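Visitor: I have not looked at this structure before. Please show it to me, and I will ask how each term is justified.

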Amino acid sequence: MKTLNTLLIITLTLLMITACSDNGSNQKIEEPQVATPEQTVDYQLEVDLDVKKFRSYYSDKFKNVAIEDFKDGVYAIDEASREQWLEIEEFPPYELSIDEGLEFFETPFANGKTYSSCFENGGQAVRQNYPYFDTETNQVITLELAINQCREKNGEQPLSYGIGELAAVSAYMANSSRDKIFDVKVPNEEAYAAYIDGKQFFYSKRGQLNFSCADCHLKISGSHLRADILSPAIGHPTGMPVYRSNWGELGTIGHRYRECNKNVRANPLPYQSETYRNLEYFQTIMSNGLAVNGPSSRK
Amino acid sequence: MSDTFKIKVRAKSKKGVVKAKLLVKHPMESGMRKDTEGNLIPIHHLKELTVKYKDETVFYGEFGTGVSKDPFVAFSFKGEPGDSFVVDAIDNQGKTGKAEVVIK
Amino acid sequence: MTLSRRNFFIKLGKSAGYIALVASLPKIAWAKWNEAAFHANNLDAAIKAKYGDLSLADNAAVKLSAPAIAENGAVVPIKVKSDIPNVKNISLFVRDNPAPLVTTLHLGPTTDTDIQIRIRMGKTSDVIAIVEADGKLHRASQQVKVTIGGCGG
Amino acid sequence: MRTLTYSVMILVLVFSFSSHLKAEKSLINSAETARLEAKKLGFEWSTTSALIKQAIEALEAGDKDKASLLAQKALKEAQNAIKQAKYAEENWQDAALK
């Protein structure tokens, strides 16, 4: 395995070197295009076009997969691993986390209030509304950020974002939202800028291995990278948070982002950094129309 | 660390046969893993689990470190909805888990 | 040799007298975990420690289902089913695990031979299910491939 | 990360009064500067800071050649990361679905 590993690294490094030196020589010199000022731009329309392209890309690539089934991640496209997954989903280990999450969710803060006081509908069946663009603070609010904002508003210390209590609360909230359909909107220009920032991250190569999210999860999704089948990017956020057998525990989407970045030997960004939140915003919009099926189990 | 661990159970009876599925919250440390400082994490695994229905032992399992983290085990026995059964478990460190389950 | 001790528990269920005994001495049940078998570091030794000299043969009536390729060696779903009568227990072994014996599941008289469990495998190996019934051992084996993942897909 | 920055600072202090090991020292400094630039852009590689740390250790152990080699490697990595960031900034749309 070590030799295989080394071989892969060498290949990828060579790729990376080529790509990087190409970057140097092929620098495009273009006049910056100045957009003619328009009265109103319908940003949602632009975004909807992107969503359409994204969906049809995966529909064309995986012809036997119904679009709504992409919520199952890699298990939508690979029958052999789907069988094992279904056996695990019969009684998945995240069930224990949902119970823990419920306990945390219902335990009052020092001021007597609970999480339910911070959320619409008492926090039940709201997962599909996250992340959203908050037009007052001009930023993307993810569910995890909202959970910690709720704590701080009620005089509690924020929780760490990757694993543990916060992930469990998120799991409980996701579970109460099962089968609700994601429909995340881009309300204005600032929101569109956040969306574009997330989109840019998605398509940008990074790390020593010089891979973008899109390289693995769009262009070559469905093919093998070592023993793994690369999951389609459509449906990435629907099953979050996720109990990964590799972790042996439940983690948030941020935990997975950081892991992915480390895999391509890029230094991960901090949890809930603006860029990661924008990436989650972009990715969730690309998965609009799919149902919440988090928490989920993955290999 | 707490002296007990959780056991979550689902049990449904169909035509007089109960399908019982158990999920045990347990780290199942193999004793061969190291922590971030390079120290060996002590072996810690589920050891025995007994299921009693109407004073009879319907299932008794012995487990080693070859069982996955958060162990899952399922089995079937003759039983009726509304009846209950008791699950008792112990690990190699003497910690215990217990669940009383009403069959659906 | 230790047969009577191993089957002690199952017999308990059949005899009211023994139930009274176990109620007064509940700790006895916990003494049964087969240390020698769980600590054996190769398959033959583990089977020997577990079952002594009981006769062992492959039997197609033992239905072992395991994935041909494990998605993740940390969680390999296994099912064992059989219609062999009078099954006392089912043991699962992974030949190439450092300790091959994974579990022994003892079944009561009203319990079906139909179990599921998730096991760990360090590498590609045979998985062996042994069913004990009427003093005989019935075996089924299957190879499960374990590949080491990179990023997790 | 903090320890690394700290050790780089120490190194700068220790060596700034002597011309001794000047080339290696400045190479390490360049690598660290480039790494911080890549980090600012959000494109730092996860491998670079370890190389710099090893270069400093090699220098402290008096192995100039090794220090120089490691620092060069780190510098190259950091420069490639910066290139990567610039390339992405200018060309990411080419990769997006049309």
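Visitor: Which residue is the bridge partner of Val73(B) in β7(C)?

Guide: Ile117(C) is the bridge partner of Val73(B). Before going on, note that this is a predicted model, in which local features need pLDDT of at least 70, side-chain atom pairs count only at pLDDT 80 or more, and totals for chains, interfaces and linings use all residues. Residues are numbered from 1 along each chain as its sequence is written, chains are lettered from A and ligands numbered from 1 in the order in which they are written, and side-chain values use heavy atoms, with hydrogens and water left out.

Visitor: What makes β5 of chain B and β7(C) a pair of strands?

Guide: Strands pair if DSSP finds at least two bridges between them. Strand β5 (residues 72-78) of chain B and β7(C) have two bridges, in the antiparallel sense, so the definition is met. Strands themselves are DSSP runs (E, at least two residues), as helices are (H or I, at least four), and both are numbered from the N terminus.

Visitor: How many residues of chain C are in contact with chain B?

Guide: 33 residues of chain C are in contact with 36 residues of chain B, where contact means heavy atoms within 4.5 Å. About 3000 Å² is buried between chain C and chain B, 52% of it on carbon and sulfur atoms. Buried area is the accessible area (1.4 Å probe) that two parts lose on being put together, summed over both.

Visitor: Why is an area used for this?

Guide: The size of an interface is often given as the accessible area lost when the parts come together.

Visitor: Why is the link of Glu62(B) and Lys50(C) called a salt bridge?

Guide: The term requires a side-chain nitrogen of Lys or Arg within 4 Å of a carboxyl oxygen of Asp or Glu. Between Glu62(B) and Lys50(C) the closest N and O atoms are 3.1 Å apart, so the pair qualifies. The rule finds one salt bridge across the interface of chain C and chain B.

Visitor: How many salt bridges does the rule find across the interface of chain B and chain A?

Guide: The rule finds six there. One of the salt bridges is formed by the side chains of Arg10(B) and Glu95(A), at 2.7 Å from N to O. On the side of chain B that touches chain A, β2(B) gives the most, with four residues. By class, this side has five nonpolar, no polar and seven charged residues. Here Ala, Val, Leu, Ile, Met, Phe, Trp, Tyr, Cys and Pro count as nonpolar, Asp, Glu, Lys and Arg as charged, and the others, Gly among them, as polar.

Visitor: What area is buried between chain B and chain A?

Guide: The area is about 1200 Å², of which carbon and sulfur atoms give 55%. Lys8(B), Arg10(B) and Leu23(B) supply 44% of the area that chain B buries against chain A, more than any other three residues.

Visitor: What makes the link between the side chains of Lys8(B) and Asp99(A) a polar contact?

Guide: A polar contact is a pair of N or O atoms within 3.5 Å; within protein, one must be able to donate a hydrogen and the other to accept it, and residues adjacent in sequence count only if both atoms are side-chain atoms. The side chains of Lys8(B) and Asp99(A) are joined at 2.9 Å, so the distance limit is met. Lys8(B) is found in strand β1 (residues 7-14) of chain B.

Visitor: How do β1(B) and β2(B) run, parallel or antiparallel?

Guide: β1(B) and β2(B) run antiparallel, joined by eight bridges. In β2(B), Lys19(B) is the bridge partner of Lys12(B). The hairpin has two residues between the strands, and Lys15(B) takes a positive phi near 50 degrees.

Visitor: How do you know that Cys118(A) and Cys150(A) form a disulfide?

Guide: Their S to S distance is 2.1 Å, and a disulfide is a pair of cysteine sulfur atoms within 2.5 Å, so the pair counts. Cys118(A) lies in the loop between α4 (94-106) and β1 (132-134) of chain A and Cys150(A) in helix α5 (residues 143-153), so the disulfide ties together parts 32 residues apart in sequence. The structure holds one disulfide over all chains.

Visitor: Which residues does a cis peptide bond with omega of about -5 degrees join?

Guide: That bond joins Tyr130(A) and Pro131(A). Pro131(A) is found in the loop between α4 and β1 of chain A. Another cis peptide bond joins Gly294(A) and Pro295(A), with omega of about -10 degrees.
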